[in-house]
Amino acid sequence: MQGSWIDLRSDTVTWPTVEMRAAMAAAAVGDDVYGDDPTVLKLEQAAARRLGKEAALFVASGTMGNQLALLCQVNRGDEVILSERCHIVQHEAGAAAFLSGAQLRCLPTRNGHLDLDQVEQTIRHHPEDLHSPRSALICIENADSDGYVLDLEYQRELSQLAKHHQVPVHLDGARLFNAAAVCGHPADVLASCADTVQICLSKGLCAPVGSVLVGTKPVIDLARRRRKILGGGMRQVGVLAAAGLLALDQMSDRLGEDHRLARQLEAALDERKAYAEVISGSRINMVFCRFPSCSPDALVGALSAAGIRINPPDDHVFRFVTHHGTDENDLQRFLDVLDRFFL
Ligand SMILES: *Cc1c(COP(=O)(O)O)cnc(C)c1O
């Protein structure tokens with residue numbers, strides 16, 4: 001529980017923990033644009049080690065991490081192959097076109113998975129042809145924003161296919177530690193299937209701000225330059241990195257608890273067939289559900305009046321997200337309000 005609200009809109013609403021606040025207050029800082037903020041350097045080293053990559057860059061947001069991955073691996077007019085539902089396509093305000101001048105080759109997914117044969121067919125095989133764009137990058141998301149998790153075998157197959165065609169892979173791992181908790185492989189093993197990886201510290205991991213982009217040293221060195229171009233060179237940013245270190249060290253192993261609560265909420269909604277239609281498939285801290293008979297505005301309003309925040313539905317589907325600030329009592333209160341509203 002945080003504040004007096006029960007907030008099921010997202011895991012981005014999590015507050016920094018008491019330990020994070022203390023670490024932020026005590027953080028050793030420098031000027032990170034000069035490269036001498038010790039806490040940022042520590043976070044970047046820790047993230048690179050944790051994800052099994054050569055180098056890391058602390059960035060302001062997941063969007064900045066993803067866009068830097070494109071800016072450093074894609075030339076104007078090059079193609080990026082990715083899911084039509086992914087964050088880069090749907091939720092980054094058209095940044096790939098605006099910043100990199102990338103041509104996005106959007107493919108459909110089934111249960112969060114791109115069809116690998118279709119990916120292979122989509123790769124351009126004649127880059128020397130004057131007419132042909134160059135396939136510069138394949139992007140995947142694990143876990144994805146629909147709650148699906150890609151298992152290790154699938155990621156390995158995709159990685160081999162991409163290597164065979166010499167196309168690098170970017171993994172949008174905004175919720176990579178959620179995926180790791182579900183599939184039982186450590187994050188670095190999942191990350192080994194990609195050339196660059198972006199992880200969010202500010203979602204389920206509870207840091208107030210920030211993401212990390214990891215990859216080879218040349219790519220990360222270039223990303224540092226390009227981050228400056230985006231206005232993302234920050235100064236005494238050790239105060240934020242201090243929280244990020246605790247996010248990595250202390251919060252990544254507790255995500256199974258959020259998943260357990262989400263499955264519990266899913267089961268409770270599934271018992272309420274009179275008004276709720278659960279959409280199964282999510283394996284992380286998200287529950288998806290339709291309420292066929294309801295006016296979304298009225299429901300959002302009734303919940304808000306009871307101190308519970310939810311987002312309006314997307315294409316009639318509501319998403320409820322569990323996180324460090326929700327517990328079983330909160331979910332019971334939520335279910336009680338739903339019962340009163342519908343029954
Ligand atoms: C949240 C999210 C991002 C971007 O994070 P911001 O910090 O909000 O910019 C990128 N990809 C996925 C899959 C996400 O869920």
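**Briefing: S145 and the salt bridges**

The side chains of S145 and E141 make a polar contact at 3.2 Å; a polar contact is a pair of N or O atoms within 3.5 Å, where, within protein, one must be able to donate a hydrogen and the other to accept it, and residues adjacent in sequence count only if both atoms are side-chain atoms. This is a predicted model, in which local features need pLDDT of at least 70 and side-chain atom pairs count only at pLDDT 80 or more, while totals for chains, interfaces and linings use all residues. Residues are numbered from 1 along each chain as its sequence is written, and side-chain values use heavy atoms, with hydrogens and water left out.

**Surroundings of S145**

- S145 sits in the loop that runs between β7 (135-141) and α7 (152-164); helices (H or I, at least four residues) and strands (E, at least two) are DSSP runs numbered from the N terminus.
- S145 counts as buried because its relative accessibility is 19%, where buried means under 20% relative accessible area, exposed over 50%, and partly exposed in between (1.4 Å probe, protein chains only).
- With neighbours within four places in sequence left aside, S145 is in contact with M286, F288 and R319; contact means heavy atoms within 4.5 Å.

**Salt bridges: count and network**

- The count of salt bridges is 18, a salt bridge being a side-chain nitrogen of Lys or Arg within 4 Å of a carboxyl oxygen of Asp or Glu.

**Salt bridge R9 and D7**

- R9 and D7 form a salt bridge through their side chains, at 2.6 Å from N to O.
- R9 is partly exposed, at 28% relative accessibility, whereas D7 is buried, with a relative accessible area of 7%.

**Salt bridge D253 and R50**

- The side chains of D253 and R50 form a salt bridge with an N to O distance of 4.0 Å.
- This pair links distant parts of the chain, 203 residues apart: D253 is in the loop between α11 (238-251) and α12 (255-270), and R50 is in helix α2 (residues 38-51).
- D253 counts as exposed at 68% relative accessibility, and R50 counts as partly exposed at 29%.

**Salt bridge E257 and R260**

- E257 and R260 meet through their side chains in a salt bridge of 3.0 Å, N to O.
- About one helical turn separates E257 from R260, because they are 3 residues apart in helix α12.
- E257 is partly exposed, with a relative accessible area of 35%, and R260 is partly exposed, with 38%.
- Elsewhere, E79, R105 and R124 are joined into one network by salt bridges that share partners.
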